[in-house]
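Student: I want to see what stands behind each label here. Please set the values against the cut-offs, one by one.

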Amino acid sequence: MRERRLLFFALLLLLLSLGRLLFPAETASLRALAELALCPGAAERVEAWGRALGGEEERVFALRPGEEP
Amino acid sequence: MSRSRIRVSEGAAFLAAALVFLLRREELAALLPALLAHELGHLAAILALRLRVSEFRAELGGFTIEYAGETGPAGRALIAAAGPLAGLLYALAVSRLGGELFCLSAGLSLLLSLFNLLPALPLDGGRICAALAELLPDPGRGERLCRALGAGTGLALLFLGLRLLLRGRGAALALSGAWLLFSALRPGEGLVKTRKLR
């Protein structure tokens with residue numbers, strides 16, 4: 001049991017270290033995760049669904065550098 | 001008198017730590033209430049049916065609320081449906097508040113609810129199907145029908161996910177489909193767990 005806990009924390013630390021390498025703090029976000037796991041714009045689409053539910057008009061999302069509308 | 005237990009698996013703790021690490025604070029603030037609303041929906045239905053919660057378990061694949069007591073297929077279907085329903089109500093309410101954070105939370109809750117309504121175990125939609133299948137004259141046939149629905153749903157998601165992968169997109173949809181397909185084909189994948197009160 002003790003070894004299992006140690007293994008768990010070791011894996012957790014490994015994940016944190018790997019996470020820092022793959023996702024530098026300034027880009028770690030739900031948007032980046034969703035883009036990696038699904039497709040670009042996935043997080044924005046989920047937010048747009050939320051806006052549509054609330055009856056808000058579609059807004060223009062801020063473009064990232066180099067991105068075209 | 002026995003009390004309810006709360007269990008958190010290593011996998012759940014691991015996932016929670018990863019989310020805390022990877023997501024921004026405001027994104028966590030958007031996600032957690034959506035999850036909470038869903039689980040509170042299940043809990044409210046269990047309590048409304050005067051059943052007792054015996055265990056609340058957080059695992060890598062999600063949360064499970066085990067309850068003890070007698071309830072029929074309609075009750076089990078209601079308990080399973082209550083989570084997505086609460087999530088949809090939460091999404092509707094929060095979306096009215098406007099703003100990026102609330103709309104993101106509403107969208108996440110909507111996505112969680114709709115995904116959970118897919119007719120595949122161990123999702124809530126699969127549990128609804130399993131409960132309603134007990135009402136059929138031949139329960140064995142009902143169970144086979146539920147498994148077929150679940151396998152079909154998993155296959156469809158897997159197919160869509162593989163198409164995304166081939167276009168250079170992420171693997172999450174394909175993995176979800178594979179998980180649902182595996183759950184449908186695995187023997188003994190449970191209906192909603194119930195235990196008699198001692």
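Tutor: Start with accessibility: buried means under 20% relative accessible area, exposed over 50%, and partly exposed in between, with a 1.4 Å probe and protein chains only. The model is predicted, so local features need pLDDT of at least 70 and side-chain atom pairs count only at pLDDT 80 or more, while totals for chains, interfaces and linings use all residues. Residues are numbered from 1 along each chain as its sequence is written, chains are lettered from A and ligands numbered from 1 in the order in which they are written, and side-chain values use heavy atoms, without hydrogens and water.

Student: Why is Arg50(B) called exposed?

Tutor: Its relative accessible area is 76%. The cut-off is over 50%, so Arg50(B) is exposed. Arg50(B) sits in the loop between helix H2 (25-48) and S2 of chain B. Helices here are DSSP runs of H or I with at least four residues, strands are runs of E with at least two, and both are numbered from the N terminus.

Student: What makes the phi of Arg50(B) worth a remark?

Tutor: Phi of Arg50(B) is near 60°, a positive value in a residue other than glycine. Most residues other than glycine have a negative phi, and most peptide bonds are trans. On the second point, Leu121(B) and Pro122(B) are joined by a cis peptide bond, with omega about 5°. Pro122(B) belongs to the loop between helix H4 (100-116) and helix H5 (124-133) of chain B.

Student: Which label does Ala171(B) get, and why?

Tutor: Partly exposed. Its relative accessibility is 28%, which falls between the two limits, so neither of the other labels fits. Ala171(B) lies in the loop between H6 and H7 of chain B. Its C-alpha is 6.5 Å from that of Gly161(B), 10 residues apart along the chain.

Student: And how do you know that Arg144(B) is exposed?

Tutor: Arg144(B) has 53% relative accessibility, so it passes the exposed cut-off. This residue is part of helix H6 of chain B. From Arg144(B) to Ser176(B) the C-alpha distance is 21 Å, at 32 residues apart in sequence.

Student: Why are H6(B) and H7(B) called roughly antiparallel?

Tutor: Helix H6 (residues 139-166) and helix H7 (residues 172-185) of chain B pack at about 160°, with axes 7 Å apart. That makes H6(B) roughly antiparallel to H7(B). The scale: under 35 degrees is roughly parallel, over 145 roughly antiparallel, 65 to 115 roughly perpendicular, and the rest oblique. Axes are lines fitted to C-alpha atoms, for helices over the stretch in contact, and angles run from 0 to 180 degrees between N-to-C directions.

Student: What kinds of residue make up that contact of H6(B) with H7(B)?

Tutor: The contact has 15 nonpolar residues, six polar and one charged. Nonpolar means Ala, Val, Leu, Ile, Met, Phe, Trp, Tyr, Cys and Pro; charged means Asp, Glu, Lys and Arg; the others, Gly among them, are polar.

Student: Which hand does the crossing of H6(B) and H7(B) have?

Tutor: Left-handed. That label applies if the near helix is turned anticlockwise from the far one by less than a right angle; clockwise gives right-handed. H5(B) and H6(B) cross right-handed.

Student: What makes H5(B) roughly antiparallel to H6(B)?

Tutor: H5(B) and H6(B) pack at about 160°, with axes 8 Å apart. That makes H5(B) roughly antiparallel to H6(B).

Student: Why is H2(B) called oblique to H3(B)?

Tutor: H2(B) and helix H3 (residues 73-95) of chain B meet at about 140°, with axes 7 Å apart. That angle is in none of the named ranges, so H2(B) is oblique to H3(B). Their crossing is right-handed.

Student: How do you know that S2(B) and S3(B) pair?

Tutor: Two strands pair if DSSP finds at least two bridges between them. Strand S2 (residues 52-59) of chain B has seven bridges to S3(B), and the two run antiparallel. Val53(B) has Tyr67(B) as its bridge partner, and Arg57(B) stands opposite Thr64(B). A hairpin of two residues joins S2(B) to S3(B).

Student: In which sense does S1(B) pair with S2(B)?

Tutor: Strand S1 (residues 5-8) of chain B pairs with S2(B) in the parallel sense, over four bridges. Val8(B) is partnered by Ala58(B) there.

Student: What makes strand S3 of chain B mostly covered?

Tutor: Five of the seven residues of S3(B), residues 62-68, are buried.

Student: How many helices and strands does chain A have?

Tutor: Three helices and zero strands. Of its 69 residues, 25% are buried.
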